[in-house]
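Me: I'd like a close look at one part of this model, please. Could you start with the smaller picture of a single chain and then walk me through how the pieces of its partner pack together?

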Amino acid sequence: MRVLKSSDRDQLESLQRITDAALASLSVEQLLLELLLRISDILSTDTAAILLLDETGRLLHARAAKGIEEEVEQGVKIPVGRGFAGRIAAERRAVTIEDVDHADILNPILREKGIRSLLGVPLIVEQRVLGVLHVGSLSPRTFTGEDAALLQLAADRAAIAIEHATLSEQRQLAEALQRRLLPTDLSGMTGLELATRYLPASHESLGGDWYDAFAIDGGRVAVAIGDVVGHGVLAAAVMAQLRTALRAYAIEGHPPARVVELVNGMMAGLGPRAMTTLAYAVIDADECSVELVAAGHPPPLLISPDGEARYVETRGGIPLGVSEIARYESETFAFEPGSTMVLYTDGLVETRGAPIDDGLERLRALATRNGDLETLCMKLVAQMAPRERADDVAMLAARLLPVPERLAGRWPADRRALASVRRALRRWLATRGASDDEIYDIVVACQEACANAVEHAYRPGAHAFDLCATCDDGRVRLTVRDSGRWRPPRGTHRGRGVMMMRGLMDSVDIDHGEDGTTVVLERVLGASVA
Amino acid sequence: MSLLARVVETRDENVSIAAVEGEIDASNASEIAERLRTLLTNRSSLLVVDLTATTYIDSAGINLLFELASELEHRQQQLRLVVAPGSPIARMAAIVGLDAAVPTHSTRASALAGQS
C-alpha cells in the first residue's frame, strides 16, 4: 500500500466524520449518498455508485449513485458473478476497467452515460460481502493501484457504516411492524379479561414471538400465540401474514383444528424457512369452555378460580410450516368463570442448561398463588424471564370473569353494541336460573329498549346508554336508561318494538323525563307470561 | 356481510330460497334486507325465507320481513316464511302478528308446495 499523502489523510478523516455522524441519524439512503459524494471528491471521479446484495445474496441492487442516478431510478439489478460489479462481488477484489468499450459490462447505463474507465471494490464487513462500490471517469483514465487502495480503504469504512445503518433500519422496521401487529385494543370482549406481555431478547434484533386476540362471533374470542423461526424483518413479515391468515380463516367460521390446517397450508407458500409454533384457542364465554389446538407449542397453563394451576394436556401437533399435509386435532376443556388460561412462548420457561420441565414446574408453582390478572403477568415475567435473555418472551393471559350478582354496564349508543349486550345478558340470565325460552324473551325485550336508546341518542352528548339488571326472588328487573328523548312512535314500525316488549314481559314502564328516557322491564322467572 | 348472520341462497327458475343463519338485529337488518332483495329477479314469483337456523330476531328483523312482504305484493310476487313451530322465532312472529300477515310454514317443503 502506498503512503497516504496528507491531503488524502484529511479527506479520509472527513469521510470518517461522516460515517460516525451517520451511525446516529442518517437513513441508509442518505448515508450512501453522502459517502458517494465524499468518495468521488477524494478520487476526483465523475461518477460513483453503491450496489448492495439483496437477502438472497444472489443479486446486487443499485442503491445510490452520483452522476449515474438512472441506476437507482431504474432499479438496476446485477447478478453476482456477471458483469463489472458482479465480478467484484464474486471475486471479492478490486477490478479496474480502462476502456469500457472493450469490456464485459452488463449495465447499459454505464455506456450510455459515456463512462470510459471504471474502478470498483467490494464492501466487506467481517468477511461478508455487503455490496460493491465503484467510481467512473468520463475521460479515459488509468486507475492506479494506489487509487484502488484508497478506494478500498474508503469502502472498508463505508461498509461498517452501511452495516450499522442497515441493521438499525431493519430493527426499526421490525419493531414498527411488531408494534402494529400486537393487538392493542383487547377491550370490549365481554366477559373476558386479557393481559399480554412482550419482551424482546437482550441483544438480538427483534424476535419472532407473536400473539393475537380477536372476537370471532357471538360470545367466542380467539386467542393465539406463536414463535416464528428466525429474527428481524423476515420473521416479522411471516408473522404478519400468519396473523392475517389466522384471523381470516377463524372469522370464516372454520373449526379451530381446520383453521390451523389451513394456516399450515398457507405457510407452505411462504417458502421453506417459514415455520412457527402455535397455540390457538377459542374461548366460549357462554359455554364456559375452551377449544385448543397446539402445534409444536408448550402447553397452556390453566388456573382454577381457587388458584390451582395445572397444564392442559395437548395433543401436540408439529409446528406449522414443517409438513404441508400435517393434520391437527383440538381438545375441548371446561373453563369455569374465574379461571385463567396463560399462553406463553418457550422463552418464559427455558433456561440454558436446565431441563424445560424445571422451568414448567417453576411457572406452575408461581401461578398457583394468583392475584388479579395484571399482577399475575407482572409476577410471572419478573420471576421467570431472566434479565439477560437469550430468547424473546411473549405471554397472553385470559380470565373468564365471574358473572356478577347484578349486571350493570354502559354501552355506546351504536347498533353494533346490541350483540354484546345480548351476550352479557344471556350469560347473566343463565346464572340466575332462567330457562332458554325465558332468556330469549327477556333478551328480545331488553334489546327493543336498547335499540330505542340507540336510535334516539340524537341529542348532543347522548352517546351511551346504561343497562342495569337485578334478580330478586326470581323477579328479573331490567332498567335501560338513555339521555335522549324518545320520538313518539312513528307508524307501525316503532309500535312493534313496544308491542314486543309488552308481549314478552310482565310489566313495561316507559318514562320520558326531561333528562332522558328510562325503561323498566320486569318478568318473574318460572311463570308463563300472562 | 356482518358476522352475526349469513344468508345461504338457493335459486331456481322462478323460486328463490334464502336461509338466514345466525342473529338478525338493528345492526344488520338492512344489510340482510338488501341481500334478500338481490335474490329476486323479475322472473321470480316466490321468495322463501327460511328462519329455521335463525337464532335471534327482534323488531328490526320482524320489520324487515313485513316490509319485504308488502314490497313483493306490489310486484305480484310472494314471500313465504319457514319457522320451526314452538321456536322462539315462532313466538316473536305470533306476538306481532307476522304469521298472520305473511304465509308461514313449518318446513321448507311445505313452503315450496304452498301448504301450511
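Reply: Happy to. Read from the N terminus, chain B of this predicted model has its elements in the order β-β-α-β-β-α-β-α-α-β-α. That comes to five helices and six strands. Of the 116 residues in chain B, 46% count as buried. For contacts in chain B between residues at least 6 apart in sequence, 65% join residues at least 24 apart.

Next, the contact between the chains. Chain B gives 16 residues and chain A gives 21 residues. On the side of chain B that touches chain A, the elements that supply two or more residues are α2 (59-74) and α3 (88-96) of chain B. By class, that side of chain B holds ten nonpolar, three polar and three charged residues.

Now over to chain A, beginning with strand β9 (residues 220-228). Eight of the nine residues of β9(A) are buried, so this strand is largely enclosed by the rest of the structure. It has partners in β8 and β10 of chain A. Strand β8 (residues 209-217) of chain A runs antiparallel to β9(A), and eight bridges join the two; in this pairing A:Phe214 has A:Ala222 as its bridge partner. Strand β10 (residues 276-284) of chain A also pairs with β9(A) in the antiparallel sense, over nine bridges, and here A:Val223 stands opposite A:Ala281.

Two helices of chain A come next. Helix α7 (residues 232-251) and helix α8 (residues 256-268) of chain A pack at an angle of about 140 degrees, with their axes 9 Å apart. The two are therefore oblique to each other, and α7(A) passes α8(A) in a right-handed crossing. From α7(A) the contact uses A:Leu242, A:Ala245, A:Leu246, A:Tyr249 and A:Ala250, and from α8(A) it uses A:Val259, A:Leu262, A:Val263 and A:Met266. By class, this contact has nine nonpolar, no polar and no charged residues.

A second helix pair in chain A is α9 (residues 356-368) with α10 (residues 373-384), whose axes come within 10 Å and cross at roughly 145 degrees. This crossing is right-handed too. On the α9(A) side are A:Arg362, A:Leu363, A:Leu366 and A:Ala367, which meet A:Leu376, A:Lys379, A:Leu380, A:Gln383 and A:Met384 in α10(A). By class, the contact of α9(A) with α10(A) has six nonpolar, one polar and two charged residues.

Last comes an open sheet in chain A, made of five strands in the order β17-β18-β19-β21-β20 with antiparallel pairing. Its edge strands are β17 (407-412) and β20 (507-512) of chain A, each pairing on one side only. From one strand to the next the twist averages 15 degrees. Within the sheet, β17(A) is joined by six bridges to β18 (residues 464-472) of chain A, where A:Gly409 stands opposite A:Leu467. Helix α11 (residues 418-431) of chain A packs on the sheet and touches β17 and β18 of chain A, its direction making about 175 degrees with that of β17(A). Helix α12 (residues 436-455) of chain A lies across β18, β19 (475-482) and β21 (517-524) of chain A, running at about 15 degrees to β19(A).

How values were computed: Residues are numbered from 1 along each chain as its sequence is written. Chains are lettered from A and ligands numbered from 1 in the order in which they are written. This is a predicted model: local features need pLDDT of at least 70, side-chain atom pairs count only at pLDDT 80 or more; totals for chains, interfaces and linings use all residues. Axes are lines fitted to C-alpha atoms, for helices over the stretch in contact, and angles run from 0 to 180 degrees between N-to-C directions. Helices (H or I, at least four residues) and strands (E, at least two) are DSSP runs, numbered from the N terminus. A crossing is left-handed if the near helix is turned anticlockwise from the far one by less than a right angle, and right-handed if clockwise. Two residues are in contact if their C-beta atoms, placed from the backbone, lie within 7 Å. Ala, Val, Leu, Ile, Met, Phe, Trp, Tyr, Cys and Pro count as nonpolar, Asp, Glu, Lys and Arg as charged, and the others, Gly among them, as polar. Two strands pair if DSSP finds at least two bridges between them. A residue is buried if 20 or more other C-beta atoms lie within 10 Å of its own, exposed if 12 or fewer, and partly exposed in between; C-beta atoms are placed from the backbone. Angles under 35 degrees count as roughly parallel, over 145 as roughly antiparallel, 65 to 115 as roughly perpendicular and the rest as oblique.
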